[in-house]
Amino acid sequence: MLQLSQIYKVFNEGTIDEKAALERVYLTLEPGDFVTVIGSNGAGKSTMMNLIAGNLTPDVGTVKIDGKDVTRQKEHERSRLIGRVFQDPMAGTAPSMTIEENMGMAYSRTHKRSFFSMGVTKKRKLLFREQLATLGLGLEDRLNAKVGFLSGGERQALSLLMATFTNPSILLLDEHTAALDPSRAKLITEKTKEIVAGTELTTLMVTHNMQQALDLGNRLIMMDKGQIIFEASGDQKKELTVERLLHEFQKIRGDHLANDRAVLSS
C-alpha cells in the first residue's frame, strides 16, 4: 500500500547548515496498517510525512503508493491517493467557506466533475449530512455555517472527516491532536479510532504523545536523527509502556530522550 525505499533527504547541502533529515529510511505499510510514529524534535517525522504527501522530493530513494512510483509526483498529482490532517485546525479547511462547500471540495478530489460545476444536489447533501452525523457534534444541521466560526475541535473533526470519507489509499495524521485542549484532543482521538477502524484505512500518524502512540494502531515506529531505530507490532506493541519505550531509546542510542515534548506528553 505504501512503500518507502532507501530514502535520503538532505537540507542545505554543501553549506555549514547541512543536515541529513532522513537517512536510509525503509518503511512498508500493508493495507489496513495503522502505524504510529514517535521521536524527538528534528527526528525526521515531518520530513517523512511531507515526502509521502508530495511536498518534498527525496534526494535518493522511491515512494510507492498502491504499487505505483509517485516519487516525482507533486502534491496535487497524488491528492486523490492521500488524505491528510494537520496539527493546526486552521490548515485543513477553508474558513471563509461553509461546511457544505468544504465537504464539496473534498468530494471533488475523487470525482471528475467538481462540486462547483455541478452545484450541490440533494443526493450529495444527504451524503454530507450522513457523514457529519457520525461525528456526533451536530454539524449535520449546520451545513451553511462558515467553518471559520467553528471551534478548534469541531474544525479538526471536520478535517478528519474530509480527509477520510472519500476513501484515500493513505491517511496521514500529522500531530492532529497536539493543538487542542485535553477534552477536544480526547474527542478527536476517539473519532480517529472509530473512523480508521470503520473504514480500514491504511494510516500513518505522527505524535509527540507516547501514550497515544501506544493506544492507537497496530504498529509503532520510533525515529531519531533521520532514521527508524525501533519498531514494534502485534503483541510486542501491546506489551509496551512509556517507560519501556524510553528504555529502548536509551538502549539503542545510549542517551536519554529528555527535555522533549515526547516525555512531557506521556
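1. First, a yardstick for helices: the expected span is 1.5 Å times one less than the number of residues. Helices here are DSSP runs of H or I with at least four residues, strands are E runs of at least two, and both are numbered from the N terminus. With that in hand, α4 has 12 residues and reaches 16 Å from first to last C-alpha, close to the expected 16 Å.

2. Some ground rules. This is a predicted model, where local features need pLDDT of at least 70 and side-chain atom pairs count only at pLDDT 80 or more, while totals for chains, interfaces and linings use all residues. Residues are numbered from 1 along each chain as its sequence is written, and side-chain values use heavy atoms, with hydrogens and water left out.

3. Back to α4, which is two-sided. Its buried residues (under 20% relative accessible area; exposed is over 50%, partly exposed in between, with a 1.4 Å probe and protein chains only) are R124, F128 and L132. They line one face of the helix, because they fall within an arc of 70 degrees seen down the axis; the arc is taken from the directions from the helix axis to the C-beta atoms. The face turned away from the buried side carries exposed K122 and K123.

4. On to the largest nonpolar core (buried Ala, Val, Leu, Ile, Met, Phe, Trp, Tyr and Cys joined through side-chain atoms within 4.5 Å). It has 30 residues, and I99, M103, L132, L135, L158 and F165 touch the most other members. Two or more residues each come from α2 (99–108), α4 (122–133), α5 (152–164), β7 (170–174) and α6 (182–199), with α5 giving the largest share, 6 residues.

5. M103 is worth clicking on. Leaving out residues up to four places away in sequence, M103 touches F128, Q131, L132, L158, L161, M162 and F165 (contact means heavy atoms within 4.5 Å).

6. Now the sheet: open, 6 strands, order β6-β7-β8-β3-β9-β10, mixed pairing (a pair needs at least two DSSP bridges). β6 (82–85) and β10 (227–233) are the edges, each with a single partner strand, so one side of each has no neighbour in the sheet. β6 and β7 pair in the parallel sense over 4 bridges, and I82 stands opposite I170 in β7.

7. Lastly, helices on the sheet. α1 (residues 45–53) lies across β3 (34–39), β6, β7, β8 (202–206) and β9 (219–224), at about 150 degrees to β7. α9 (residues 242–253) touches β3, β9 and β10, making about 140 degrees with β10. Angles run from 0 to 180 degrees between N-to-C directions, with axes fitted to C-alpha atoms, for helices over the stretch in contact.
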